[in-house]
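Got your viewer open? Please take me along the chain in the display below, with a selection box ready for typing residue numbers.

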Amino acid sequence: MKSMKSTLAATAVAALFSLPAMAQVKIGVVTSATGPTALVGIPQKNTVPLLPAKIGDLTIQYISLDDGSNTTTSVTDIKKLISDEHVDAIIGPSGTPNAMGVIQFVAEAGVPMLAPVGGADVVLPMTPQKKWVFKTTQNDDIIATALVDHMVKTGIKTLGLIGLSDPFGENWFKVVNELAAKAGIKVVVSERFSRADTSVTGQALRILAANPQAVLVAAPGAASVLPEKTLADQGYKGQFYQTHGAALPSFLKLGGKEVDGTILAASLMLVLPEIPDSNPSKAVAQKYIDAYKKLYNGQTPATFGANVYDAGLLLERAIPIAEKSGKPGTKEFRSALRDALEQTKDLVGTQGVYNMTPEDHSGFDERGRELITVKNGQWTLLK
């Protein structure tokens with residue numbers, strides 16, 4: 001009997017140690033892998049398996065949800081991750097409107113959120129709620145300044161704007177109007193459209209009537225292609241500019257020959273072979289690209305996926321610091337994690353170098369952008 005008890009006890013202990021280790025840190029991820037923003041959300045969702053599974057002595061569990069590009073679903077998903085899963089941090093959502101809609105909930109719960117979105121409104125102007133949000137893309141003014149500087153250099157005096165009627169587009173209108181005015185460039189026409197629109201013919205005709213020397217399209221993902229193709233089809237011959245929202249392979253595929261000559265400021269990932277090895281982000285970006293291609297049969301990731309990868313790098317730096325102040329799963333840990341993210345210095349990511357401050361929760365400088373053009377259907381460094 002004693003021998004049987006010993007055997008049973010040994011078996012129980014062996015079974016206990018054979019069980020998979022429980023995750024000590026839970027990270028929620030919300031992406032728009034379906035719906036109008038899917039071209040942005042798919043590479044972000046696909047990047048989740050490449051995020052660190054272990055940080056220091058802590059095991060990391062990622063709980064990934066798809067909001068279908070729907071802002072209401074984003075709120076539902078975020079609330080679920082907070083109340084049911086008790087996550088320590090959140091990566092996402094994919095879209096600027098989606099991220100704007102959940103800020104109050106992550107702030108009330110005291111859960112830091114790393115938003116891989118374009119619109120600077122998620123972190124600017126800084127507020128008590130937005131102090132819980134960190135942005136893993138370049139702020140609009142950094143990108144817009146490069147574009148307006150190019151306009152000045154090439155003698156452009158009149159500009160047309162067309163962009164989304166949502167926080168992404170509206171912030172771009174605000175930033176570009178301010179920069180253009182300072183540069184002596186007159187914005188002669190401004191038009192808006194929605195992500196779900198299948199035609200912008202009316203807006204394009206009004207832009208043609210105003211006859212600006214250049215047109216800037218302010219929209220991410222597939223939505224960035226429609227205005228440019230429509231204007232090109234109607235005979236517009238001026239210069240097209242795009243935001244970093246157009247920085248994805250599908251822009252080239254959907255746009256075809258009609259987007260040749262387009263200029264944008266975006267991540268070095270688009271033109272990585274042309275970037276000198278001395279650039280600190282090149283090796284990090286190449287590591288991400290290689291890992292993504294290995295996992296997805298040679299498919300090259302869009303820069304939007306890299307924004308999620310960088311979120312993993314930020315957490316990898318901050319979690320060991322936060323662990324000193326509290327146990328994962330506690331309010332103390334999450335608060336310390338927020339503080340550690342805000343104190344990030346000289347962290348090299350795929351997009352540039354992060355230097356966060358209490359006032360700047362994006363942390364990028366000019367190293368986070370390159371002037372790029374489309375030539376013969378390919379991205380190329382603008383020289």
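What follows is a walk through a few spots, one selection at a time. Keep in mind that this is a predicted model.

**Stop 1: the sheet**

Show the strands as arrows and start with the open sheet. Its 7 strands come in the order S8-S7-S9-S10-S11-S14-S15, and the pairing is mixed. General background helps here: strands of a sheet pair through backbone hydrogen bonds, either parallel or antiparallel. Which strands sit at the edges? Select 186-193 for strand S8 and 378-381 for strand S15; each of these pairs on one side only. Now tilt the view along the sheet: on average, neighbouring strands are turned by 25° against each other, ignoring direction.

Next, pick strand S11, residues 263-266. S11 and S14 run antiparallel and are joined by 4 bridges. You can find partners across the gap: Ile263 faces Thr373 in S14, and Leu264 stands opposite Ile372 in S14.

Carry on to the other neighbour of this story, S15. Here too the sense is antiparallel, with 4 bridges between S14 and S15. Lys375 has Gln378 in S15 as its bridge partner. The two strands make a hairpin with 2 residues between them, and in the turn you'll meet Asn376, which has a positive phi of about 50°.

**Stop 2: helices on the sheet**

Select residues 140-153, which is helix H6. This helix lies across strands S7, S9, S10, S11 and S14, and runs at about 145° to S11. Then add residues 167-183, helix H7. H7 packs on the sheet and touches S7, S8 and S9, with its direction at about 165° to that of S7.

**Stop 3: the nonpolar cores**

Switch on side chains. In soluble globular proteins, nonpolar side chains tend to be buried together. The largest nonpolar core in this model has 60 residues, and the members touching the most others are Phe251, Ile319, Leu337 and Trp379. Helix H12, residues 303-323, gives the most to this core, with 11 residues. Apart from this core lies another one of 22 residues; Ala146, Met151, Ala214 and Ala265 are among them.

Zoom in on Phe251. Beyond residues up to four places away in sequence, Phe251 touches a list of residues including Val225, Ala246, Val259, Val374 and Trp379.

Ala246 makes a good next click. You'll find Ala246 in the loop between S10 and helix H10 (249-255). Is Ala246 buried or exposed? Its relative accessible area is 0%, so Ala246 is buried. Leaving aside neighbours within four places in sequence, Ala246 is in contact with Ala219, Ser224, Phe251, Leu264 and Trp379. For a sense of scale, draw a line from Ala246 to Asp57: they are 189 residues apart in sequence, and their C-alpha atoms are 39 Å apart.

**Stop 4: aromatic rings**

Colour the aromatic residues. The structure holds 6 aromatic pairs. Take Tyr288 and Tyr292: their ring centres are 5.9 Å apart and their planes meet at 65°, so this pair is edge-to-face. Both sit in helix H11 (residues 280-295), and because they are 4 residues apart there, about one helical turn separates them. Tyr288 is buried, at 0% relative accessible area, and Tyr292 counts as buried too, at 1%.

Now go to Tyr354 and Phe364. This aromatic pair is tilted, with 4.5 Å centre to centre and 45° between the planes. Tyr354 belongs to strand S13 (residues 353-354), while Phe364 is in the loop between S13 and S14, 10 residues apart. Both Tyr354 and Phe364 are buried.

Go back to the tyrosines and widen the selection: Tyr288, Tyr292, Tyr296 and Tyr309 form one aromatic cluster.

**Stop 5: charges over rings**

Two arginines are worth a look. The charged end of Arg192 sits over the ring of Phe173, 4.1 Å from its centre. Arg338 lies over the face of Trp132, at 5.9 Å from the ring centre.

**Last stop: a lysine on a helix**

Finish with Lys80, in helix H3 (residues 71-83). How exposed is Lys80? With 40% relative accessibility, Lys80 counts as partly exposed. Not counting residues up to four places away in sequence, Lys80 touches Leu65 and Glu85. Finally, turn the view to find Lys135, whose C-alpha atom is 22 Å from that of Lys80, 55 residues apart along the chain.

Notes. Residues are numbered from 1 along each chain as its sequence is written. This is a predicted model: local features need pLDDT of at least 70, side-chain atom pairs count only at pLDDT 80 or more; totals for chains, interfaces and linings use all residues. Side-chain values use heavy atoms; hydrogens and water are left out. Buried means under 20% relative accessible area, exposed over 50%, partly exposed in between (1.4 Å probe, protein chains only). Contact means heavy atoms within 4.5 Å. Rings of Phe, Tyr and Trp (its six-membered ring) pair if their centres lie within 6.5 Å; planes under 30 degrees apart count as stacked, over 60 as edge-to-face and the rest as tilted. A charge sits over a ring if NZ of Lys or CZ of Arg is within 6 Å of the ring centre and within 35 degrees of the ring normal. Two strands pair if DSSP finds at least two bridges between them. Axes are lines fitted to C-alpha atoms, for helices over the stretch in contact, and angles run from 0 to 180 degrees between N-to-C directions. A nonpolar core is a set of buried Ala, Val, Leu, Ile, Met, Phe, Trp, Tyr and Cys residues joined through side-chain atoms within 4.5 Å.
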